[in-house]
Amino acid sequence: MPALDPVLLAEQLIDCESVTPATGAVFNCFEAMLRPLGFEIHRFIAGEAPDGPVENLFAIRRGPEGSRHFAFAGHLDVVPPGEGWSSAPFKAERRGELLYGRGAVDMKGSIAAMVAAAAEIPAEAGTLSFIITGDEEGPARYGTVPLIDLIRDLKAEPDLCLVGEPTSVNRLGDMVKIGRRGSVNMWITCKGAQGHVAYPHLADNPIPRLIALLAELDALVLDDGTAWFQPSNLEVTDLEVGNKATNVIPAEARARISIRFNDQHTGAGLVAMVEDVARRHKGEVRAVISGESFITLPGDFSNLIAEAVKAETGLDPELSTTGGTSDARFLRAVCPVVEFGLCNATMHKKDEAVALEDLVVLQRIYRRITLAALGA
């Protein structure tokens, strides 16, 4: 099989519009890349509106009986491009040393490098797979979670998994993510009784209670951080009354909070804490836990990734747990998982771009990681 060019592969994926939740053309394109490499393809649609339908793909090329199994994981969906691009966001364009297009770094570029690396791994080296969803940027309810169910049904759980999120900061290879904080969002409602502002004794204003509730939450110090995690933080992200009348005491006031938490907490424990505070102010809470915190402690897996990075870039990557959530929060229930990918400076921005050379170097790093993970 002739070598595959990760830049050309990235261009093909970028040219497929795939705003989350992604289905159809981008998966056709990706499948067409994998089939000539001998992968067995499993594609399916999961979920219904409002969080679906979502397309997912699991591809596996089985090695010799008893060989190790290494998985690449990622997503083909992208965030909406927005306005003000210098070129069409879904038409890959090379300008100078950069490749522009939505998904160039988050994360079609990484997926292209994965495919190009896989093309250079001999089948006898071991089992290789791709765990690819069409919904990581959205609710992620029908993405990697049902993919994990399929993998378990197929008895195809990998030994190790690498997620290709854009983890690098200033230079390709300067950071590897070995964990992530958990995330929980809560909607808080304080109800009262509507009335005329001139007759407050005939009404019940919920706004002061909500303000007091939020002030109590805002004053909390959840923790001071740990050896591997920054401190947990609670942020008020929305406040709404919607009262258009100047002479009416409203019947209801609402707020939303978001907590990013380290491994000193669980999502359920934080929900219970907020519910306890809310009860004292006659508030009600609805919560959605997006994921728990996790960490793959430094060891053999992170070491082989660091060695591959240093061999190709000369850098000793920092092991970190900073940043937002990723689908590694689900995959960690299957096997040890680490994240490593392109520079994240332009992700989710207009004129998202990746250095052409970074795609080529990332392919080489992924090849080294794969061979080391398979023990080849």
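## A small sheet and a cavity

This predicted model holds an open sheet of 3 strands in the order β4-β5-β19, with antiparallel pairing.

Me: Which strands stand at the edges of this sheet, each with a single partner strand?
Reply: Happy to walk through it: the order of the open sheet is β4-β5-β19. A strand with a single partner has one side left without a neighbour in the sheet, so the edges belong to β4 (93–95) and β19 (353–355).

Me: In β5, what is the bridge partner of E93?
Reply: Start with the pairing: β4 and β5 (residues 98–100) run antiparallel to each other over 3 bridges. E93 belongs to β4, which spans 93–95. Its bridge partner in β5 is Y100.

Me: Helix α9 packs on the sheet; what angle does its direction make with that of β19?
Reply: Good one to check on the structure. Helix α9 (residues 356–373) touches β4, β5 and β19. Its direction and that of β19 make an angle of about 65 degrees.

Me: Which element gives the largest share of the lining of the largest cavity?
Reply: The count comes to 1 cavity of 30 Å³ or more, and about 50 Å³ of space lies in the largest cavity. Two elements give two or more residues to its lining, β3 (69–75) and β6 (127–133). Among the lining residues are A73, G74 and H75. With 3 residues, the largest share comes from β3.

Me: How many charged residues are in the lining of the largest cavity?
Reply: Let's go by class: the lining has 4 nonpolar and 4 polar residues. The lining includes E136, E165 and D327. The number of charged residues is 3.

Key:
Residues numbered from 1 in each chain as written. Predicted model: local features only at pLDDT ≥ 70, side-chain atom pairs only at ≥ 80, totals over all residues. Heavy atoms only, no water. 1 Å grid on protein atoms, 1.4 Å probe; cavity = no way out; pocket = protein on both sides within 12 Å on 5 of 7 lines; lining within 4 Å. Points joined across faces, edges and corners; volume = space filled by probe spheres on them. Helix = DSSP H or I, 4+ residues; strand = E, 2+ residues; numbered from the N terminus. Nonpolar A, V, L, I, M, F, W, Y, C, P; charged D, E, K, R; others polar. Pairing = 2+ DSSP bridges. Contact = heavy atoms within 4.5 Å. Axes fitted to C-alpha atoms, helices over the stretch in contact; angles between N-to-C directions.
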